[in-house]
Amino acid sequence: MLGAIGSSRRSRLYDEADDETLYREGNGLRVWYNDYTTIDWVHDYVKERVRIRKVRSVGGWRGWWTAKMDSMQAYVLIAIIGECISAGTISSLVSITQLWLTDVKTGYCADGLFLRKKYCCPAAPPTLPIALLINGGDAASFLLRNGTTPDTPCDAWIPWEVAAGATATTRVLGIPAAQLVFMLGSATLALAAVLVVSLSATPSNGRYSDAAAAGVGGVKADVGGGAAGKKAKIVYHAAGSGVPQVKTILGGFVIRGFLGLRTMVVKSIALTLAVASGLCMGQQGPLVHISCCVGNVASRLFEKYATNEAKRREMMSAAAAAGVSVAFGAPIGGVLFSLEEVSYYFPSKTMWRSFICALVAAVTLKLINPFGRGKLVTYQVSYDHDWSGFELFPFLLIGLVGGAYGGWFVKASAQWAQMRQHFGAQKHPISEVLVISLLTAFLSYGSVLTRISNNELIGNLFSECNGDEDLRGLCRFVNMTLTDMMGTLCGILVLKIFLTFITLGIRVPSGVFGLSMVVGACGGRIVGMVMDNLQKNNPEHWLFRGCPADRDCIIPGVYAMVGAAAVLSGVTRMTVSLVVIMVELTGALTYVIPIMCAIMVAKWIADFIEPKSIYESQIRRNGYPYLDHKHEYHVKRRSRREGGRGTAGVVAVDVAERPSRRRADRGAREDGGFAVLYGHILVGYIAFNELNHAYNQIMKSQNINCRFYFRRPDGTDLDDLDLVVGGGGDGDDAVSDNAEEVDLTAFMDQAPLSVRSHTSMELVVELFIKLGVKTLCVVEDDGTFAGFIHKKRLIGWLLDEDLS
C-alpha cells in the first residue's frame, strides 16, 4: 500500500529520489513543505549526507568522475548566479534603463531617442557605455562635442515643454511648464511601477506569528503553526525592500513565490520605473532580493539543490552577497553582509562560494560599464589625503548623531506603519503612489541637487572639490557662501527625511540603504564644511598646526562618507561589513579608523534607543517566525515544567474523517504533527503534512475504509498504538474493525529529538538555534510523552518573555 501511495503522486514527495535509503536512516520521508511553514534543517542535513554516500559508493574512474562533477555543480551554479543571468547583468540593465528613463521624463535627444542627456550633450566622457552603442549612431560625432556640462542646454536635447511649443515663461495652473512636465513624468513612471508590482499579487493567509495565537504565556504542548482563524489576503512580493523576508527565508521559513521567477522579473522592471520616477527610495535592498530570486531560480537546474531546501539556502546566501557586490561595488563587503546580516547557516564553504559569486557579479558589472565611467556605482570616489588626529572628535560626534537618528528612525517607522494601517492607506495604493510622486517631484524641482537621483547626490556629497569643479554648487568657491551652502544642505536633509517617511510602505520596490546614506551624507558634509571653515579661518590655532599649507587639511566629502556610514549603521546595525563596504567605495584604507569609530558609537547609541534594527522591526511587525541566532533571549522560566504543562488528547485517526477537519477541531496546525505512542511511550513522530498527503492518496483511490498503522524499527507491528495531537482530545473516536490497514512507517520519524520535561529552557532555545530543530518532543523521566515544543510556538513564547 505504501508503494501505491508513493508512486501515485511522485510530484508531492520531497524525498522521492532516496526513499529506501532515507527510510533505513529512520528519519522518515517528507513531502514538500507547505507555504508559510518552517523547514527541517536536521532532516535536510541527513538527506544530503545520504546523497553524498550514494555518490561516493560508485567505484572506479566512473565514481571519481561522478564525484568531481557533483562538486563542480556548485561552482557552475554560482557562476550562473553571478554572471549569465545574475545580479551583474540584471543590475546593469536596471541601471542603464533607469538612467535613461530619468532623462527621458524631461526631454529627448534629437540625435537618438535612446541617448541620455550627458551623451547627447557630453562633457567629453572618458568611455562610452552600452547605452550609446545600442543607439547605433556615430560615436565620434558625440565625442566631438565638448565644453558642456550635464546641466548646460544644447541644441540636440529637446525638452518636452519646448517640443510642445511652450516657452520659459509659460505656466499651467500657476506652475512653470518645465516643472509640470517634470511632475507628470515622475507620476507616470511611478504609476507604471505600482501597476507592474500588482502583477506579483499572490494569495496568502495573513499573519503567521504564534505570538497572537491561543496565548503564549508558556510553551504549550501544541503542533504549532499560524494564528488561528487566519483570513485570506493578497500580498505583493515585488513591493518593499525584500531584505526582511530574505532573512526569514534563509532562517528556514518558506514563503512560496517570494523568490520565484515572476517576482524577479516584476521587481526588476518595477524597481527601474520607481527609481527613475524620483521617489525617495533606495535600490540596494531590492537588488539583494532580486539576486536571491536569481539564486533560487537557478538552483532548480541541479537536483541536489532543487530537492533540498537547506542546500538551496546556501546558494541564496551566495546570491545575497552578489546583490550587495553590485549594489555598492563592494565584493568583499557583500560576502561579509551575507554573513553578518541575512544568512542563518553560513559554513566555510558557503563563504568561499559567496566570495566567488560576488567577484563574478562585480566583474560582470565592470565589463558592462553601465555608467560609462569605469565605476561599479555612481558614488564610487577616492581620497588621497590622510586625516588628522583632531578630526577624531567630529567623527565621533557624527557617529553619535547618526546612531541617535537610526534608533529614532526605526521607532518612528514602526509608528508610521501603524498610522498607515489605521487610516487605511494600503487600501488605495495607486492613489497613494500618485500623490506621493507628485508631491516628491514638486518639492524636489527647486534644487538641482534634489532633482538628481539619490545615487548621484551621494556621489556629489562624497566628492572632493578639485580645481574648478562645481559639484552642482557644493564647492564653496563657486558663487556661494558657507551660509548658503549649509542652508541648502539643511533644506535637503529635512526634505529627504520627510519624503523618506511618507514613502515608507507604498506599493513599489524600495529600500532604506540609499535613503540612510543620503541623510547621513548631508549631515556629515555640513559638519565637514564647518570644520573646514574653522581651520581656514584659524590656521594658527594649536589644533590645526599640523595641517599642511600646500593643500586642504579637511575634506568635507570624507565627513559625508563617515556620516553615511554612521546613519546606515544606526538604521541597519551593520558593523564589520559596512566598514569594508565603505573602504571599497573610497579605496582609502587610511580612513578605516574614522569609519570604525563612527560606526561603533552609532551602533551603541542606536541599540540604546531601539534594540531592534529596521529589518528586525519589520520581521516582528509582519509576524514572521524568525529565530534570531544573534539575539540574546531572556528566559525567566527555566524549564518547561515551570512554564506550565499543556494537555495532550489521544485520538484515533480514521480516514472517514478529514484530517483538515480534525485539525480545526483539535487546534492543530499544518506546520505541526502528531506523536506516535506505544501505550504512553513516545516511539515516533509524523508531521501533519505527510499524514495529509497519505490521506489524499487514499481518497484518490476511493478506498475510504482504511486505518493507518506503524511498525517498529525491527519490523514488528505496533498493535496498541495511538496518535497524539496537542490541543486536547476526548479520545472517543472509533475506527471500523474491518478497515484496510495502511502502513505509514516510511513517513514516521523513528528517532525524534526529545528532551526531559525539566530541561532548562536555555538549552531548548540553543537546540532550536544551533541544530535548526523544527519540533522538539517533551517526555517525562520514565519516557512518558508529555507534549511538543514547536519552533513557531517557541518564538511566540520568547517574544512574550521579551515583552514581559
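This briefing covers a helix pair, a set of aromatic contacts and a buried helix. The structure is a predicted model. Helices α23 and α24 cross with their axes within 6 Å, a search of the whole structure finds 20 aromatic pairs, and helix α11 is mostly covered.

**Packing of α23 and α24**

- Two packed helices are described by the angle between their axes and the distance between the axes.
- Helix α23 spans residues 513-537 and helix α24 spans residues 556-572; their axes come within 6 Å and cross at roughly 140 degrees.
- Because angles over 145 degrees count as roughly antiparallel and 65 to 115 as roughly perpendicular, this crossing makes α23 oblique to α24.
- The handedness of the α23 and α24 crossing is right-handed.
- On the α23 side, the contact is made by Phe 513, Ser 516, Met 517, Gly 520, Ala 521, Gly 524, Arg 525, Val 527, Gly 528, Met 529, Met 531 and Asp 532.
- On the α24 side, the contributors are Pro 556, Gly 557, Tyr 559, Ala 560, Gly 563, Ala 564, Val 567, Leu 568 and Val 571.
- Sorted by class, the contact of α23 with α24 has 13 nonpolar, six polar and two charged residues.

**Aromatic pairs**

- Of the 20 aromatic pairs found in the whole structure, one is formed by Phe 337 and Phe 513, which are edge-to-face at 6.0 Å centre to centre with 65 degrees between the planes.
- This pair links distant parts of the chain, with Phe 337 in helix α16 (residues 331-342) and Phe 513 in helix α23, 176 residues apart.
- Phe 337 and Phe 513 are both buried.
- Phe 409 and Phe 501 form a tilted pair, at 5.2 Å centre to centre and 55 degrees between the planes.
- Phe 409 lies in helix α18 (residues 392-423) and Phe 501 in helix α22 (residues 482-503); the two are 92 residues apart, and their pair also links distant parts of the chain.
- Both members of this pair, Phe 409 and Phe 501, are buried.
- Ring pairs join Phe 328, Phe 337, Phe 513 and Tyr 615 into a cluster.
- Phe 513 thus has a place in the ring cluster and in the contact of α23 with α24.

**Helix α11 and its surroundings**

- Helix α11 (residues 243-250) has eight of its eight residues buried.
- These buried residues are Val 243, Pro 244, Gln 245, Val 246, Lys 247, Thr 248, Ile 249 and Leu 250.
- The buried residues of α11 pack against α3 (41-56), α13 (284-298), α15 (309-328), α16 and α27 (614-622).
- Gly 252, just after α11, takes a positive phi of about 110 degrees.

Note on methods:
Residues are numbered from 1 along each chain as its sequence is written. This is a predicted model: local features need pLDDT of at least 70, side-chain atom pairs count only at pLDDT 80 or more; totals for chains, interfaces and linings use all residues. Side-chain values use heavy atoms; hydrogens and water are left out. Axes are lines fitted to C-alpha atoms, for helices over the stretch in contact, and angles run from 0 to 180 degrees between N-to-C directions. Helices (H or I, at least four residues) and strands (E, at least two) are DSSP runs, numbered from the N terminus. Angles under 35 degrees count as roughly parallel, over 145 as roughly antiparallel, 65 to 115 as roughly perpendicular and the rest as oblique. A crossing is left-handed if the near helix is turned anticlockwise from the far one by less than a right angle, and right-handed if clockwise. Contact means heavy atoms within 4.5 Å. Ala, Val, Leu, Ile, Met, Phe, Trp, Tyr, Cys and Pro count as nonpolar, Asp, Glu, Lys and Arg as charged, and the others, Gly among them, as polar. Rings of Phe, Tyr and Trp (its six-membered ring) pair if their centres lie within 6.5 Å; planes under 30 degrees apart count as stacked, over 60 as edge-to-face and the rest as tilted. Buried means under 20% relative accessible area, exposed over 50%, partly exposed in between (1.4 Å probe, protein chains only).
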